[in-house]
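Welcome to a short tour of a protein model. Have the sequence and the 3D view ready, and we will walk through them together.

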Amino acid sequence: MPSPKKSGGKSKGAASAPAAEVPAAQQRQLQTRSSKAGLQFPVGRIHRYLKQRTQHNVRIGAKAAVYTSAILEYLTAEVLELAGNASKDLRVKRITPRHLQLAIRGDEELDTLVRATIAGGGVLPFIHKSLTQGKQKKGGDVVPSGQ
């Protein structure tokens, strides 16, 4: 009789042995890296993107993806909170690019961080002081511009 085929590699023939059935109660629950870190952003996906974007095949540690996910989640929550406040001030329920623009440009730190043009965001309302002051008479009295 011919001997059974052995698979190449280091498996030691475990594939041919029948696997013991483990009850569902003892089976280990899968837990994502995002849930372990207590984040909503996908740690695994960001880790994959970090590995794809590096040059010279540099190793990317596991903590780098968690840290990057936490930063992205914090910045997103900050921008969405400010944009939600802006939409609430304007008495609408939907956040539009205009609300994002007002939120980002209204916050000094986010304004320096986000130096991009937001499509459909418009401009910030600003009227120079010299335009709002009234015209001056020859005697030095100020006449309001509405009269």
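Let us start with a definition: a surface patch is built from residues with over 30% relative accessible area and no salt bridge, and like charges are joined when they lie within 9 Å. Lys and Arg count as positive here. With that in mind, look for Arg28, Arg33, Lys36 and Lys51, which gather in a patch of positive charge on the surface. Please remember that this is a predicted model.

## The overall plan

How many helices and strands are there in the protein chain? The protein chain has six helices and two strands. Following the sequence from start to end, you meet them in the pattern α-α-α-α-α-α-β-β. The protein chain has 147 residues, and 14% of them count as buried.

## Around the first two helices

Let us return to one member of the positive patch. Arg28 sits in the segment before H1. Is Arg28 buried or exposed? Its relative accessibility is 73%, and the cut-off for exposed is over 50%, so Arg28 counts as exposed.

A little further along, Gly38 belongs to the loop that joins helix H1 (33-37) to helix H2 (43-53). Gly38 is exposed as well, because its relative accessible area of 57% passes the cut-off of over 50%. Which distance separates Gly38 and Ala70 in space? Their C-alpha atoms are 9.1 Å apart, while 32 residues separate Gly38 and Ala70 in sequence.

## Loop residues with positive phi

Two loop residues are worth a stop for their backbone angles. Asn57 has a phi near 50°, a positive value in a residue other than glycine. You can find Asn57 in the loop between H2 and H3, and at 75% relative accessibility Asn57 counts as exposed.

Arg91 also has a positive phi, of about 60°, although it is not a glycine. The loop that holds Arg91 runs between H3 and helix H4 (97-106). With a relative accessible area of 77%, Arg91 is exposed.

## Inside helices H3 and H5

Now turn to some residues that are hidden. Ser69 is part of helix H3, which covers residues 62-89. Why does Ser69 count as buried? Buried means under 20% relative accessible area, and Ser69 has 0%, so Ser69 is buried. The side chain of Ser69 reaches the backbone oxygen of Ala65 at a distance of 2.7 Å.

Leu110 belongs to helix H5 (residues 108-113). At a relative accessible area of 5%, Leu110 is buried too, because this value is under 20%. The C-alpha atom of Leu110 lies 8.9 Å from that of Leu75, and the two residues are 35 apart along the chain.

## A network of charges

How many salt bridges does a search of the whole structure find? The search finds two. Asp111 takes part in one with Arg105 and in another with Arg115. The table gives the distances between N and O atoms.

| Salt bridge | N to O distance |
|---|---|
| Asp111 and Arg105 | 2.9 Å |
| Asp111 and Arg115 | 3.0 Å |

Arg105, Asp111 and Arg115 are thus linked in a network of salt bridges. The three partners have their own degrees of exposure, and it is worth going through them one by one.

- Arg105 is buried, because its relative accessible area of 16% is under 20%.
- Asp111, at 21% relative accessibility, counts as partly exposed, because this value lies between the cut-offs of 20% and 50%.
- Arg115 is exposed, because its relative accessible area of 62% is over 50%.

Where in the chain is Arg105? Arg105 lies in helix H4. Besides its salt bridge with Asp111, the side chain of Arg105 reaches the backbone oxygen of Val114 at 2.8 Å.

## Looking back

To finish, try finding these places again in the 3D view. Begin at the positive patch, which includes Arg28 and Lys51. Then pass Asn57 in the loop between H2 and H3, visit Ser69 in helix H3, and stop at the salt-bridge network of Arg105, Asp111 and Arg115.

Key:
Residues numbered from 1 in each chain as written. Predicted model: local features only at pLDDT ≥ 70, side-chain atom pairs only at ≥ 80, totals over all residues. Heavy atoms only, no water. Helix = DSSP H or I, 4+ residues; strand = E, 2+ residues; numbered from the N terminus. Buried < 20%, exposed > 50% of the residue type's maximum accessible area, 1.4 Å probe, protein only. Patch = residues over 30% accessible without salt bridge, like charges linked within 9 Å, V, L, I, M, F, W, Y side chains within 5 Å. Areas by Shrake-Rupley, 256 points an atom, 1.4 Å probe, with all protein chains shown as cover. Salt bridge = Lys/Arg side-chain N within 4 Å of Asp/Glu carboxyl O. Charge placed at Lys NZ, Arg CZ, Asp CG, Glu CD. Polar contact = N/O pair within 3.5 Å; in protein donor to acceptor, adjacent residues only side chain to side chain.
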